[in-house]
Amino acid sequence: MSERHPMSVPVPRVTPLRGGSVLRWGVLGPGGIAEDWVSAVHRHTDQRVHAVASRSQERSEAFGQRHGIPRRYQGYQGLLDDDDIDVVYISVPHAQHHPLALEAIAAGKNVLIEKPIALTAVQAEEIAQAAKAAGVFAMEAMWSRYLPQSDILAQLLDDGALGDVRLVTAHLGWQWTYDPEHPNFDPAVGGGVMIDAGVYSLWFAHSVLGVPTSIAASGLLAPTGAETEALISLENDRGARAMVSASTTVTTPGLAAVYGTAGSVSYETSFVFPARLRITLNGAEQVWEDESGLVGRDGLAWQAAALASYVAEGRTQSPLHSLNDSVAVMRSIDEVRRQIGSLRTD
């Protein structure tokens, strides 16, 4: 049984941000998420990025200068051939996750692949199989799973503290201005709400209820065929249900909740970022606050520290969000998009 506070709230079991194994990282794709990721990792952990690669030497140089990264490559192969790099963070646009992950794995690199791991379940399975065959570590950057609040919820579920879980909700929306020329609205390159935001909502449902046995979805499509809204109902083999959504037409607070017969956990701030929880157990209520001091995308640091510890332990995938988990979420995304009628690649 976990160590408990007076109202039976677990203490989060997370990998310490400092003091553990340190890896030498390389970054493929110096875009916006990479800016936040490197900044968070350098400020809050002992992990260090030693190389960056871009198709543009100018972008590689500028990114390297901003973050103190000494090796700056034009093109990705130079970084993949660098024997001094232990692990590669793949932060290129969605459609390139699959091919570059396979190239990095073939080069013998451990990989952290920005979410979603691929565009389809077929692609995700190919990555998982390649990593297994090569014996390298591979992990999807489902960073919210490594935040302290996610472990608190996991402990409550594992201990049965919430009783029989019957309902899960998760609603996430980021408003986009429609632009038919923007990749966000091009389904052939991973455009659409499911790949960008829906992956979080579905991951949350999966993390609580497991792989669903049934999915029912409705939504809206942009003129380009990319989905802009999705409302999704899921059910597992025990009859528990989830209702989740994703939207690009409105911005929502990103709230989520888990309801059981003996208690509930509700997020008072977005479940994607370091959050505040309201926990109710047998009628007693307590608000849990994240005391790490990390806010917003600073929380990206947790997954980097966790990955380094897994590699040091000799693991080849995450014990918290396995490659099978990544494939399962992608299967659900595939099914949602099939029902909504959005175009996609296989």
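**Exercise 1. Two residues of a loop**

Task: In this predicted model, determine where Val 250 is placed, and which residues distant in sequence Val 250 touches.

Solution.
Step 1. Val 250 is situated in the loop between E10 and E11.
Step 2. The relative accessible area of Val 250 is 41%. Because buried means under 20% and exposed means over 50%, with partly exposed in between, Val 250 is classed as partly exposed.
Step 3. When residues up to four places away in sequence are not counted, Val 250 touches Gly 173, Trp 174 and Gln 175.
Step 4. A C-alpha to C-alpha distance of 43 Å separates Val 250 from Asp 81, and the two are 169 residues apart in sequence.

Task: Is Thr 251 buried or exposed, and which residues does Thr 251 touch?

Solution.
Step 1. Thr 251 is placed in the loop between strand E10 (241-247) and strand E11 (256-260).
Step 2. With a relative accessible area of 55%, Thr 251 is exposed.
Step 3. Not counting residues up to four places away in sequence, Thr 251 touches Gly 173, Trp 174 and Gln 175.
Step 4. A polar atom of the Thr 251 side chain lies 3.0 Å from the backbone nitrogen of Gln 175.
Step 5. Thr 251 and Ala 138 are 113 residues apart along the chain, and their C-alpha atoms are separated by 32 Å.

**Exercise 2. A histidine in a helix**

Task: Establish whether His 98 is buried or exposed, and describe the surroundings of His 98.

Solution.
Step 1. His 98 belongs to helix H4 (residues 97-106).
Step 2. The relative accessible area of His 98 is 13%, so His 98 is buried.
Step 3. Apart from its neighbours within four places in sequence, His 98 is in contact with Ile 117, Ala 118, Gln 123, Glu 126 and Ile 127.
Step 4. The side chains of His 98 and Glu 126 are joined by a polar contact of 2.5 Å.

**Exercise 3. Two pairs of packed helices**

Task: State how H1 and H2 are oriented to each other, and how H5 and H9 are oriented to each other.

Solution.
Step 1. Helix H1 (residues 32-44) packs with helix H2 (residues 57-67) at an angle of about 25°, and their axes are 11 Å apart.
Step 2. Because angles under 35 degrees count as roughly parallel, H1 and H2 are roughly parallel to each other.
Step 3. Ala 34, Glu 35, Val 38, Ser 39 and His 42 of H1 make the contact with Phe 63, Arg 66 and His 67 of H2. The crossing of H1 and H2 is right-handed.
Step 4. Helix H5 (residues 121-134) and helix H9 (residues 323-340) pack at about 170°, with axes 8 Å apart.
Step 5. Because angles over 145 degrees count as roughly antiparallel, H5 and H9 are roughly antiparallel to each other.
Step 6. The H5 side of the contact consists of Ala 121, Ala 124, Glu 125, Ala 128 and Ala 131, and the H9 side of Leu 323, Val 327, Met 330, Arg 331 and Asp 334. H5 and H9 cross in a left-handed manner.

**Exercise 4. The nonpolar core**

Task: Which residues touch the most other members of the largest nonpolar core, and which helix gives the largest share of this core?

Solution.
Step 1. The largest nonpolar core has 107 residues, of which Trp 25, Trp 37, Ile 90, Phe 204, Ile 232 and Phe 271 touch the most other members.
Step 2. Helix H7 (residues 193-209) supplies the largest share of this core, 12 residues.
Step 3. Leaving aside neighbours within four places in sequence, the contacts of Ile 232 include Met 194, Leu 202, Ile 215, Val 244 and Val 336.

How values were computed: Residues are numbered from 1 along each chain as its sequence is written. This is a predicted model: local features need pLDDT of at least 70, side-chain atom pairs count only at pLDDT 80 or more; totals for chains, interfaces and linings use all residues. Side-chain values use heavy atoms; hydrogens and water are left out. Helices (H or I, at least four residues) and strands (E, at least two) are DSSP runs, numbered from the N terminus. Buried means under 20% relative accessible area, exposed over 50%, partly exposed in between (1.4 Å probe, protein chains only). A polar contact is a pair of N or O atoms within 3.5 Å; within protein, one must be able to donate a hydrogen and the other to accept it, and residues adjacent in sequence count only if both atoms are side-chain atoms. Contact means heavy atoms within 4.5 Å. A nonpolar core is a set of buried Ala, Val, Leu, Ile, Met, Phe, Trp, Tyr and Cys residues joined through side-chain atoms within 4.5 Å. Axes are lines fitted to C-alpha atoms, for helices over the stretch in contact, and angles run from 0 to 180 degrees between N-to-C directions. Angles under 35 degrees count as roughly parallel, over 145 as roughly antiparallel, 65 to 115 as roughly perpendicular and the rest as oblique. A crossing is left-handed if the near helix is turned anticlockwise from the far one by less than a right angle, and right-handed if clockwise.
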